[in-house]
Amino acid sequence: MNTKRLASALVLASTLAAATFSTGCVALYPEIGTNIRKITAEQALDPPPPEDLRWIRLVSATVKDSMRDGRTWKQAIGKLPDPYAKLYINDQEVLRTNPKNETLEPSWDDAPRGNFQVSSADKMRVEIWDANTVTDKPIGVKDFRATEDLVLGDRIRIDVPGAGEVVLAYERAHAMFGLGLWFELRTDTCFLTRMIGGSPAERAGAQPGDEVMQIGGKDVKTMSSNAVRSAFNSIPSDGLPVVLRHADGTTASVTLREGPIYPTFAEFGQVD
């Protein structure tokens with residue numbers, strides 16, 4: 001590289017570094033999550049789970065002993081299949097199990113599970129596949145909707161053409177407990193970055209992008225990073241008063257109280 005090119009490269013690198021610093025990127029200000037923990041028996045579910053949120057897991061299946069062409073699995077491939085299942089909501093894959101080796105009665109105790117926004121109007125589809133098949137076709141596919149006549153208690157049982165029966169757990173959303181928010185500590189202040197939909201923090205009036213001006217009556221600019229972290233992770237039973245400055249410049253005094261959270265799989269991942 002000649003001298004002029006080297007000088008240009010150095011100027012560009014300096015400019016990018018300055019821009020990165022001025023925008024407060026995640027690399028400089030890591031996002032910090034407040035405590036989210038399992039609900040206990042004595043903790044009331046107030047508010048209760050939303051009606052359109054369901055906890056779903058692919059539980060088990062029974063696979064027919066013969067393939068579509070009438071041959072048994074052992075006749076066709078020399079052994080039983082290694083079945084796994086996929087679940088779709090409105091044509092988007094949301095869950096997939098691990099294969100179970102050589103069985104016609106797979107049980108997916110280790111399957112991913114969580115809360116999903118779904119109602120009887122949404123299109124759902126379950127597919128059963130053999131992990132060792134040489135074709136790209138599933139063993140069986142079934143489209144359905146979670147209507148009242150199909151949901152029996154907390155289960156859905158589906159007859160899948162060409163495959164057999166599939167059982168899904170279909171329960172009211174499972175709860176976690178906490179504030180359900182994430183924040184960012186900057187040089188002299190703190191910003192809320194995101195929160196779980198319907199969480200206690202959101203219900204209290206906090207918004208992503210809010211600057212936290214005061215915590216418990218103390219100016220954030222006078223608090224250490226550890227003190228801010230401790231305040232958010234040690235919420236008193238009567239709540240934590242905070243003063244927030246919204247993105248439009250208005251301020252709000254709110255009290256953050258921990259409570260039930262119903263995080264979706266997309267927001268939080270697996271919920272037991």
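Q: Which residues are linked in a network of salt bridges?

A: Asp91, Lys123, Arg125 and Glu127 are the ones linked this way. A quick note first: this is a predicted model, where local features need pLDDT of at least 70, side-chain atom pairs count only at pLDDT 80 or more, and totals for chains, interfaces and linings use all residues. Residues are numbered from 1 along each chain as its sequence is written, and side-chain values use heavy atoms, with hydrogens and water left out.

Q: What makes Arg125 and Asp91 a salt bridge?

A: The term calls for a side-chain nitrogen of Lys or Arg within 4 Å of a carboxyl oxygen of Asp or Glu. Here the closest N and O atoms of Arg125 and Asp91 are 3.4 Å apart, so the pair qualifies. Arg125 lies in strand β7 (residues 124–130), while Asp91 sits in the loop between β4 (83–89) and β5 (92–96), so the pair ties together parts that are 34 residues apart in sequence. (Strands are DSSP runs of E, at least two residues long, numbered from the N terminus.)

Q: Why do Glu127 and Arg125 count as a salt bridge too?

A: Their side chains meet at 2.9 Å, N to O, and that is within 4 Å, so the name fits.

Q: How do you know whether Arg125 is buried or exposed?

A: Buried means under 20% relative accessible area, exposed over 50%, and partly exposed in between (1.4 Å probe, protein chains only). Arg125 comes out at 15%, so it's buried. Its partner Glu127 is buried as well.

Q: What about Arg71: how does its relative accessibility count?

A: Arg71 has 39%, which falls between the two cut-offs, so it counts as partly exposed. The side chain of Arg71 also meets that of Asp69 in a salt bridge, at 2.7 Å, N to O.

Q: How many salt bridges does the rule count?

A: The count comes to 16.

Q: Why is the link between Glu184 and Arg186 called a polar contact?

A: A polar contact is a pair of N or O atoms within 3.5 Å; within protein, one must be able to donate a hydrogen and the other to accept it, and residues adjacent in sequence count only if both atoms are side-chain atoms. The two side chains make theirs at 2.7 Å, so the distance test is met. Glu184 is found in strand β13 and is buried, at 6%.

Q: What makes β13 and β14 a pair?

A: Two strands pair if DSSP finds at least two bridges between them. β13 (residues 181–185) and β14 (residues 190–195) have five, in the antiparallel sense, so they pair. Leu181 has Met195 as its bridge partner, and a hairpin of four residues joins the strands.
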